[in-house]
Amino acid sequence: MKNFKAVGSRLLQLALVLWAVVTILFLMFRLMPGNPMAAYIDPTFTLEQQQQLMAQFGLDKPLWHQYLIYLGNLLQGELGQSFRYREPVGQRIWILLPNTLILTFSSLIVAYVFGILAGAYLAWRRGSWVEQAAIPLVLTTRAMPEFWLGMVMLAIFSFSLGWLPAGGTRAPGNEYSGFLDLYTSRDFLAHLALPAATLAIYSQGLPLLLMRSNMLDVMKEDFVTMARIKGLSNWTVVVRHAARNALLPVMTSFAIAVGYQLQGNVVVESVFSWPGLGRELVNAVAASDYPLAQGAFLMIALVVIFMNLAADLLYAFLDPRISHA
Amino acid sequence: MPEIAAPAIIKPRRPHIIARMFRALRLPMNDPFAVAGLLIYLVFIVVAVFADQIATHDPTEILYTPAYDLAADLRPGQDGFIMGTTSLGRDIFSQLVYGSRSALLIGITAAFMVALIGSIIGLVAGYFGRWVDAILMRLADIAFGIPFLPFVIVLAAFLRPSIWNVVIAMALVLWRDTARVIRSQVLTLRTRGYVEAARVAGSSDFKIILRHIAPNILPLSFLYGSIAIGWAILTEASISFLGFGDPNSISWGYMLQDAFASQALAKQAFYWFVPPGICIILVVSAGFFITRGYENILFPKLSR
Amino acid sequence: MSEPLLSVRDLRVSYQVGRNFVHAVDGASFDIPRGSITGLVGESGCGKTTVARALTRVIAENAAITGGQILFDGKDLAKIPEKEMNALRWRDIAFIPQSAMNSLDPVYTVEYQLDEVLRRRGGLGRKQSRARSEELFEMVGIDVNRLNDYPHQFSGGMRQRVAIALALALDPKLIIADEPVTALDVIVQRQILDQLKELQTRLGVSVILVTHDISVVAYICDRTVVMYAGKVAESGTMQAALTAPSHPYTMGLRNAFPDLQGAASGILTPIEGAPPNLASPPAGCRFKPRCPFALDICGTEPPVIDVAPDHPVLCHRANESAALRIEAAKTETWMAPA
């Protein structure tokens with residue numbers, strides 16, 4: 001019963017946040033100086049198109065009415081028409097989303113596998129010179145601007161050494177028949193390598209530091225001491241007991257990191273001309289393509305919000321103290 | 001066995017409020033990293049203050065070589081330009097020096113606003129509880145649902161691009177982390193003996209907050225403030241890099257954008273785009289190092 | 001008396017705190033006969049827990065066994081290589097911790113934690129392990145259906161029973177119980193102690209019960225070792241300690257605790273003062289500053305005097321103990337510190 005209530009209030013919170021973000025988005029795009037939506041009615045459109053748009057967004061109607069139309073459109077998944085591409089925003093986002101997700105998840109998985117192992121190792125070697133040197137180094141990677149790291153990587157591995165391509169998802173002229181065909185090609189992976197490595201280097205610090213400090217805490221717990229008194233092997237003590245417990249909050253942070261990463265992607269995608277949501281958002285804002293900017297923003301916000309929820313659920317699922325209450 | 005029972009309420013003599021506030025900051029002077037961080041701050045502050053004296057050129061001026069050619073893409077040391085010049089013939093060293101001004105300006109104002117707004121909201125939510133707390137914490141939930149960088153980009157693009165709009169956009173979102181932590185700290189402080197005692201003795205809420213609670217959360221505010229300095233500088237750099245920065249100020253992010261757009265990568269002009277990055281790393285990690293010193297003080301169980 | 005199971009000789013354990021060494025255990029000697037329950041008593045900080053942990057050789061990182069012998073089954077546990085020691089842990093020497101809540105891993109079921117010991121340390125197969133787990137749960141009186149529960153799903157007393165089941169898993173020769181009932185309320189304390197006593201008698205295992213509570217010792221122990229400030233003040237049979245306590249500290253302790261059986265035994269009189277700081281212990285007898293019977297001679301190192309066979313006492317005035325006991329029974333003796 002208590003669980004039901006907790007889940008219920010969490011879902012209520014989710015609904016509130018969704019509504020608030022959608023509303024903030026509406027206000028941001030309608031109330032800004034110079035009324036950005038007015039720019040949407042472009043003189044190059046035909047009169048018929050202009051009228052159609054006026055009706056669709058109800059720009060002649062009072063603000064509250066516009067708001068209702070906007071909510072109604074959103075509920076139907078209607079994000080409007082991109083000004084630059086002359087195609088539905090939803091369709092455009094649908095094409096870009098996989099690129100962003102592949103970049104985000106591949107870099108984060110690498111970052112987490114490395115960060116967790118290295119964090120556990122550093123906790124085990126605490127006080128050693130390895131640890132003394134590693135911690136400031138890791139903090140430094142957290143202090144790097146991601147796009148700058150991307151620039152350095154590009155300058156070295158692409159322009160100087162010529163090992164990897166400089167941008168995009170595929171070499172010019174290469175055509176692929178479908179999703180899977182493209183995403184598993186050597187060409188694509190070569191293009192993925194640098195941006196993913198950039199994001200991974202930036203992201204590994206979080207799981208690493210978290211894992212290390214959790215491990216240090218858990219190693220002081222009575223049950224770890226007991227595991228030693230039981231004569232269990234060092235491996236069993238450190239991995240099955242200490243690391244298993246220390247891992248809980250780290251796994252939870254993965255979901256939150258996905259949200260953060262999606263925001264960081266905005267710059268890294270721009271450096272590597274990676275056709276993803278973040279770069280599209282930047283381009284759309286720069287080109288005053290407001291429906292597309294709004295759509296991309298909303299999509300990123302949705303992922304952030306749902307990842308925050310996923311983090312809570314994941315924690316409850318992984319920790320028997322909550323899942324078996 | 002019987003332990004010596006502590007008296008229920010210990011009320012130490014309280015020194016002057018300003019002295020207490022200062023002591024409450026608990027600057028982590030015995031942690032070598034923290035000291036290094038403070039030193040880095042000090043160096044950059046000196047450079048920022050004396051930028052006019054240190055810089056060799058006007059950072060925005062288009063320069064010419066003694067032979068009256070455009071001083072474009074000169075390598076470090078060539079024709080007396082310490083770190084070379086940009087593709088448009090501007091002095092990189094001078095830009096770097098002036099860049100410290102906007103970095104520190106942004107960092108410190110944003111950190112101040114984030115820490116101030118976050119602390120006040122956290123304090124009010126934690127101290128008054130009930131519906132005040134409920135409303136403020138739902139606001140924090142909402143702030144957590146807003147993608148930070150996209151939000152700043154959109155605001156910076158819609159409002160006139162300026163340093164202050166970037167700062168405001170950051171403050172509007174980043175107060176959430178500070179507020180949550182301060183709130184939970186206040187919740188525990190509220191149950192302490194001396195706060196209870198002050199309440200029973202009839203002190204006003206304002207007085208209790210100012211005298212008993214604020215000094216205790218000050219180090220936490222400071223901690224989150226120093227984290228925000230780094231965030232602010234990184235964010236400003238990103239915004240400038242994407243082209244939404246303040247066109248009238250030279251910042252490290254602007255330099256990187258200029259370098260990127262001018263094919264500095266292909267030209268292998270490391271002297272151009274590496275130094276601004278290093279400066280950003282130094283200032284931001286200085287904040288982290290100070291923060292780490294604080295963590296050892298605030299959360300002793302983390303330290304070995 | 002037959003050969004004891006465990007014989008601790010002049011054991012020394014030190015902690016490094018900054019640049020100082022704290023000698024938490026400073027030359028402790030005592031014997032644990034086979035099939036007995038021995039109470040290891042003393043105030044907190046007297047070194048009893050350090051002794052208990054030293055027997056398993058799992059001690060704090062800044063601690064080390066700096067001298068003495070721990071003779072167990074013909075081996076000196078203070079000297080054998082770590083590998084040999086590890087083979088001995090839990091199979092021969094098991095441990096019941098103070099707080100079973102913190103000493104059971106929260107993310108695994110109780111069965112997993114039994115199974116881990118039974119299979120990894122006991123070499124049992126999957127089926128045997130399950131059968132043994134059920135048997136152990138029956139022994140400690142918990143429903144077998146609860147094997148699949150997580151530690152947080154048990155009550156405090158139940159968790160302590162789980163800890164006992166875990167300790168018994170591999171039929172050890174010696175079980176060290178470190179304050180096993182301190183965190184529990186009095187009624188549950190008695191249930192757990194009764195259970196422990198019953199199992200100990202049935203299985204013939206030896207138990208060292210570490211506690212600050214002399215009434216717990218009086219309730220189930222056959223023997224007692226009283227520690228004070230890193231040294232053994234007095235040891236012997238329970239009978240001897242109850243009827244003829246010969247160290248002033250033991251006499252004081254007896255006045256300071258109620259009877260676990262609930263019999264009102266008069267006024268409780270605490271011992272004034274606190275144990276000495278072991279970083280700089282007082283010269284001579286360490287109990288001297290708090291002892292109502294201290295003389296000038298107590299400023300010198302006290303001798304170990306056998307007041308009776310199997311009853312050593314670390315006190316200059318051990319031979320006068322019969323007279324001192326009469327004085328010690330009076331409350332006013334303890335009111336005015338020497």
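This report covers the two domains of chain A, one residue in helix 12 of chain A, and the annotated spans of chain B in a predicted model.

## Two domains in chain A

Chain A is assigned two domains. Domain 1 runs over residues 2–75, and domain 2 over residues 91–323. Contact between them involves 15 residues of domain 1 and 14 residues of domain 2 of chain A. Together the two domains bury about 1,400 Å². Carbon and sulfur atoms account for 81% of that area. On the domain 1 side, A:R10, A:L25 and A:F29 lose the most area to domain 2 of chain A. Those three residues make up 36% of what that side buries.

## Polar links across the interface

The count of salt bridges between domain 1 and domain 2 of chain A is one. A:R10 and A:D312 form a salt bridge through their side chains, at 2.5 Å from N to O. Polar contact across this interface comes to one residue pair, with both residues at pLDDT 80 or more.

Three elements each give two or more residues to the domain 1 side that touches domain 2 of chain A. They are helix 1 (2–31), helix 2 (36–40) and helix 4 (63–75) of chain A. Helix 1 of chain A gives the most to that side, with ten residues.

## A:N265 in helix 12

A:N265 belongs to helix 12 of chain A, which spans residues 234–271. Its relative accessible area is 0%, so A:N265 counts as buried. The side chain of A:N265 makes a polar contact of 2.7 Å with the side chain of A:T104.

Leaving aside residues up to four places away in sequence, A:N265 touches A:T100, A:L103, A:T104, A:L199 and A:S270.

## Annotated spans of chain B

The UniProt record, an unreviewed entry, places "domain: ABC transmembrane type-1" at residues 100–291 of chain B. That span is 84% helix and 0% strand. Its end C-alpha atoms lie 21 Å apart.

The unreviewed UniProt entry also marks "transmembrane region" in chain B at residues 33–51, 103–128, 148–175, 213–234 and 269–291. Residues 33–51 of chain B are 95% helix and 0% strand, with end C-alpha atoms 27 Å apart. Residues 148–175 of chain B are 86% helix and 0% strand. For residues 148–175 of chain B, the end C-alpha atoms are 12 Å apart.

Key:
Residues are numbered from 1 along each chain as its sequence is written. Chains are lettered from A and ligands numbered from 1 in the order in which they are written. This is a predicted model: local features need pLDDT of at least 70, side-chain atom pairs count only at pLDDT 80 or more; totals for chains, interfaces and linings use all residues. Side-chain values use heavy atoms; hydrogens and water are left out. UniProt positions are given in the numbering used here, feature names are shortened, and annotations may be inferred rather than shown by experiment. Helices (H or I, at least four residues) and strands (E, at least two) are DSSP runs, numbered from the N terminus. Buried means under 20% relative accessible area, exposed over 50%, partly exposed in between (1.4 Å probe, protein chains only). A polar contact is a pair of N or O atoms within 3.5 Å; within protein, one must be able to donate a hydrogen and the other to accept it, and residues adjacent in sequence count only if both atoms are side-chain atoms. Contact means heavy atoms within 4.5 Å. Domain bounds come from an automatic or database domain assignment. Buried area is the accessible area (1.4 Å probe) that two parts lose on being put together, summed over both. A salt bridge is a side-chain nitrogen of Lys or Arg within 4 Å of a carboxyl oxygen of Asp or Glu.
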